[in-house]
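Please open the model in a viewer and set the display to show secondary structure and side chains. The tour below proceeds by selection, and each stop states what to select and what is found there.

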Amino acid sequence: MSTRSVILDEIVRIAEQQKKKLAPLTDDLPLLGSGLDSLCIAVLVATLDDTLGIDPFDRDGDVPFPVTIGDFISLYENAPA
Amino acid sequence: MLNALVTGGTRGLGLGIAKALASSGFQVIAIARNEGDAMAAAREQVARDGRGALHFRTFDLADIDRIGDLVKTLRRDFGGFYGLVNNAAIGTSGILTTMPDSAIERAVRLNVVSPLTLTKYVVRSMMTGQGGRIVNLSSVVSSTGYSGLSVYSATKASLTGFTRSLAREVGPLGITVNAVAPGFINTEMTRDLNSNQLVQIARRSALQRLPEVVDIANAVDFLFSEQARNITGTVMTVDAGNTA
């Protein structure tokens, strides 16, 4: 499964779990306009750390927080292995 | 068994907490710089009792840059965490105006930056699990003050603010965050207080005595229990009525 698919699946799963209504997910949709709140996004980051072994926001991850869904996915797709 | 991480869990208060949680059925992982005889004996005792588990891992919590890697390693070895007790601290004492700058910085790093950073990484496994429990060890001096403990008091007061805000932040995920504020107890940390001072503190307490390690451990154990599921964002004082 591609990184993109894993992330999109997790977004849907977390939204269901946290009872949030999701907007149609497109790359240019603002992350905080997707229906996920900041806590959901924190859960998403924690889950992706487990499933993908990638954490762009660890101590070395001095990166600006991604604005859109596409930015968020790119951060994981372009993370060093 | 649910996993619980206890910092500074090899002696004094931390060891008492680690033993209490193990006897309540948790798999406790105590981290500290050295194991020591008391911890080794406690591990043997817990193994003999056959209830809960007690493990030790060496780590210097002042090594903040490695805390993220530590948590990854512990999760790989033991699985995700249900509980965290931020107990490790340095009891820096002395008059502020003559205290070395380095001592102030060291206390803030170990007593504040380290537990905040550790919590950041540990709480993630609670977020993806089934809730969790965080207990931060504060101190009565964070609210009452005590001459010679200004730096220590400042670090402990910061943990109560941290406790309340984090409780709100992670509450929707079923994670509780509380602080326990012990009064003065007889441990290695209070060795700078002479016996007269301890007698005076006991005399001024409602119950005319000092609390013991087991009293604080019981409070933490309760906050970890199902009975405490609706308690979050609080500071539980255990001081034999010293601040009553």
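Select Lys19(A), which sits in the loop between helix H1 (3-17) and helix H2 (38-51) of chain A; helices here are DSSP runs of H or I with at least four residues, strands are runs of E with at least two, and both are numbered from the N terminus. Phi of Lys19(A) is near 55°, a positive value in a residue other than glycine. Lys19(A) counts as exposed at 73% relative accessibility; buried means under 20% relative accessible area, exposed over 50%, and partly exposed in between, with a 1.4 Å probe and protein chains only.

This is a predicted model, in which local features need pLDDT of at least 70 and side-chain atom pairs count only at pLDDT 80 or more, while totals for chains, interfaces and linings use all residues. Residues are numbered from 1 along each chain as its sequence is written, chains are lettered from A and ligands numbered from 1 in the order in which they are written, and side-chain values use heavy atoms, with hydrogens and water left out.

Move next to Ala240(B), in the segment after strand E7 (235-238) of chain B. Its phi is likewise positive in a residue other than glycine, near 55°. With a relative accessible area of 13%, Ala240(B) is buried.

**The strands of chain B**

Select strand E1 (residues 3-7) of chain B, where five of five residues are buried. In a regular strand, side chains alternate between the two faces of the sheet. On E1(B), one side carries Asn3(B), Leu5(B) and Thr7(B), the other Ala4(B) and Val6(B), and both faces are covered.

Add E2(B) to the selection: E1(B) and E2(B) pair in the parallel sense over five bridges, where pairing requires that DSSP find at least two bridges between two strands. Ala4(B) stands opposite Val28(B) in E2(B). Between these strands the chain passes through H1(B), and this β-α-β crossover is right-handed; that is, with the strands pointing away from the viewer, the path from the first strand over the helix to the second runs clockwise.

Now show strand E4 (residues 83-86) of chain B, which pairs with E1(B) in the parallel sense over three bridges. Here Ala4(B) stands opposite Gly83(B).

Continue to strand E5 (residues 132-137) of chain B, with six of its six residues buried. Gly132(B), Ile134(B) and Asn136(B) point one way from E5(B), and Arg133(B), Val135(B) and Leu137(B) point the other way. Four bridges join E5(B) to E4(B) in a parallel arrangement, with Leu84(B) opposite Ile134(B). E5(B) also runs parallel to E6(B), joined by six bridges, and Val180(B) in E6(B) is the bridge partner of Leu137(B).

**Helix H4 and the loop before it**

E4(B), H4(B) and E5(B) make a right-handed β-α-β unit. Select helix H4 (residues 101-127) of chain B: its 27 residues reach 38 Å from first C-alpha to last, close to the 39 Å expected at 1.5 Å a residue, the expected span being 1.5 Å times one less than the number of residues. H4(B) bends by about 35° at Arg109(B), the bend being the angle between axes fitted to the seven residues ending there and the seven starting there.

Which residues surround Thr92(B), leaving aside its neighbours within four places in sequence? This residue lies in the loop between E4 and H4 of chain B and counts as buried at 11% relative accessibility. Thr92(B) is in contact with Met99(B), Ala103(B), Ala107(B), Gly148(B), Leu149(B) and Tyr152(B), contact meaning heavy atoms within 4.5 Å.

**The aromatic pairs**

Finally, display the aromatic rings. Rings of Phe, Tyr and Trp (its six-membered ring) pair if their centres lie within 6.5 Å; planes under 30 degrees apart count as stacked, over 60 as edge-to-face and the rest as tilted. By this rule there are four aromatic pairs over all chains. Phe26(B) and Phe224(B) have ring centres 5.5 Å apart and planes at 85°, so the pair is edge-to-face. The two residues are 198 residues apart, with Phe26(B) in the loop between helix H1 (12-23) and strand E2 (27-32) of chain B and Phe224(B) in helix H8 (residues 213-224) of chain B. Phe26(B) is buried at a relative accessible area of 8%, and Phe224(B) is buried at 1%. Add Tyr82(B) to complete the aromatic cluster that it forms with Phe26(B) and Phe224(B).
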